[in-house]
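Work through the exercises below with the sequence and the structure open beside you. Try each task before reading its solution.

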Amino acid sequence: GIMDMSNPTYPTWAGGGLTFSDQHNDYQTIAGFLQDQITFAEKFHLMGSLRYSQLKVHDVDTAAGIDSRLSEGRLTSRAGASVDVTSWMTAFAGWGQGFQAPVGTPIAGPKKVISGEQMEAGLKFELSKKLQGSLAWFRNERSNVPVSTGLLSVQSGVQRAYGIEAG
């Protein structure tokens, strides 16, 4: 149907514009990075980077009794290598780190950053402009992942994903 944005009507499940929670969230990230790539012997390529991130989070939800702050600065890195096996095929490998704030989930106790690490290795090919793709093995792992305990979550989980990707 058509909605009049100057006089909206809300479905009953949306609460008719009533506030059920006094929630306020502030998230701030400041980061800087250095990255370089070098090529030698015309077919070997190395890439590396360093990134410093400062993360600040303040979550308040008076109905849930939450007033938590998180402030953390971290240096993370990334590295990769590739070799042009033929004019149409490249072998590659990469590794990287990262971290993020747990957002969108009320956490019981003090918040911790979610840390992650990623690895990948595979082959890329380009037989023509219309026929190109890749085949790769990957592994991703995250720690301090929120795990639900009912209304709140605790940061005790680990997530792992690994497999083969073709594209």
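## Exercise 1: The chain as a whole

Of the 167 residues in the protein chain, 21% are buried. The model is a predicted one.

**Task.** State which secondary structure elements the protein chain holds, and decide whether the chain is as compact as a globule or more spread out.

**Solution.**

Step 1. Count the elements: the protein chain has seven strands and zero helices. In sequence order this gives the pattern β-β-β-β-β-β-β.

Step 2. Compare the radius of gyration with the globule rule. The rule gives 15 Å for 167 residues, and the protein chain has 23 Å, which is well over that value, so the chain is more spread out than a compact globule.

Step 3. Look at the extent. The C-alpha trace spans about 65 × 45 × 30 Å along its principal axes.

Step 4. Add the surface. The accessible surface of the protein chain is about 11700 Å², and carbon and sulfur atoms account for 57% of it.

Step 5. Consider how contacts relate to sequence. Taking contacts between residues at least 6 apart in sequence, 49% join residues at least 24 apart.

## Exercise 2: The sheet

**Task.** Give the order of the strands in the sheet, and explain why one side of strand E1 and of strand E7 is left without a neighbour.

**Solution.**

Step 1. Read the order: the seven strands form an open sheet, E1-E2-E3-E4-E5-E6-E7, and the pairing is antiparallel.

Step 2. Find the edges. Strand E1 (23-40) and strand E7 (153-166) each have a single partner strand, so one side of each has no neighbour in the sheet.

Step 3. Note the angle between neighbours: direction ignored, neighbouring strands of this sheet are turned by 10 degrees against each other on average.

Step 4. Recall what holds such strands together. Strands of a sheet pair through backbone hydrogen bonds, in a parallel or an antiparallel way.

## Exercise 3: Bridges and hairpins

**Task.** For the pairs E3 and E4, E5 and E6, and E6 and E7, give the number of bridges, and name one residue pair from each.

**Solution.**

Step 1. Strand E3 (residues 66-84) pairs with strand E4 (residues 89-100) in the antiparallel sense, over seven bridges. Glycine 80 has glycine 94 in E4 as its bridge partner.

Step 2. Strand E5 (residues 114-126) and strand E6 (residues 132-148) run antiparallel and are joined by twelve bridges. Opposite glutamate 126 stands glutamine 132 in E6. E5 and E6 form a hairpin, with five residues between them.

Step 3. E6 and E7 also run antiparallel, joined by 13 bridges. Here phenylalanine 138 stands opposite glycine 163 in E7. The two strands form a hairpin with four residues between them, and glycine 150 in that turn has a positive phi of about 125 degrees.

## Exercise 4: Serine 53 and glutamate 72

**Task.** Classify serine 53 and glutamate 72 as buried, partly exposed or exposed, and describe the surroundings of each.

**Solution.**

Step 1. Locate the residues. Serine 53 is in strand E2, and glutamate 72 is in strand E3.

Step 2. Apply the cut-offs: buried means under 20% relative accessible area, exposed means over 50%, and partly exposed lies in between. Serine 53, at 6%, is therefore buried. Glutamate 72, at 24%, is therefore partly exposed.

Step 3. List contacts, leaving aside residues up to four places away in sequence. Serine 53 touches Ile30, Ala31, Glu72, Gly73, Arg74 and Phe99. Glutamate 72 touches Ser53, Gln54, Leu55, Phe99 and Val113.

Step 4. Check the polar contacts of the side chains. Serine 53 makes one with the side chain of arginine 51 (2.8 Å), and glutamate 72 makes one with the side chain of arginine 74 (2.9 Å).

Step 5. Compare sequence and space. Glutamate 72 and glutamine 54 are 18 residues apart along the chain, and their C-alpha atoms are separated by 5.8 Å.

## Exercise 5: Glycine 167

**Task.** Where is glycine 167 placed, and is glycine 167 buried or exposed?

**Solution.**

Step 1. Glycine 167 lies in the segment after E7.

Step 2. Its relative accessible area is 69%, so glycine 167 is exposed.

Step 3. Beyond residues up to four places away in sequence, glycine 167 touches Gln132, Gly133 and Ser134. From C-alpha to C-alpha, glycine 167 and glutamine 132 are 8.5 Å apart, with 35 residues separating them in sequence.

Methods: Residues are numbered from 1 along each chain as its sequence is written. This is a predicted model: local features need pLDDT of at least 70, side-chain atom pairs count only at pLDDT 80 or more; totals for chains, interfaces and linings use all residues. Side-chain values use heavy atoms; hydrogens and water are left out. Two strands pair if DSSP finds at least two bridges between them. Axes are lines fitted to C-alpha atoms, for helices over the stretch in contact, and angles run from 0 to 180 degrees between N-to-C directions. The radius of gyration is taken over C-alpha atoms; the globule rule is 2.2 Å times the number of residues to the power 0.38. Buried means under 20% relative accessible area, exposed over 50%, partly exposed in between (1.4 Å probe, protein chains only). Contact means heavy atoms within 4.5 Å. Accessible areas come from the Shrake-Rupley method with a 1.4 Å probe; for residues, only the protein chains shown count as cover. A polar contact is a pair of N or O atoms within 3.5 Å; within protein, one must be able to donate a hydrogen and the other to accept it, and residues adjacent in sequence count only if both atoms are side-chain atoms.
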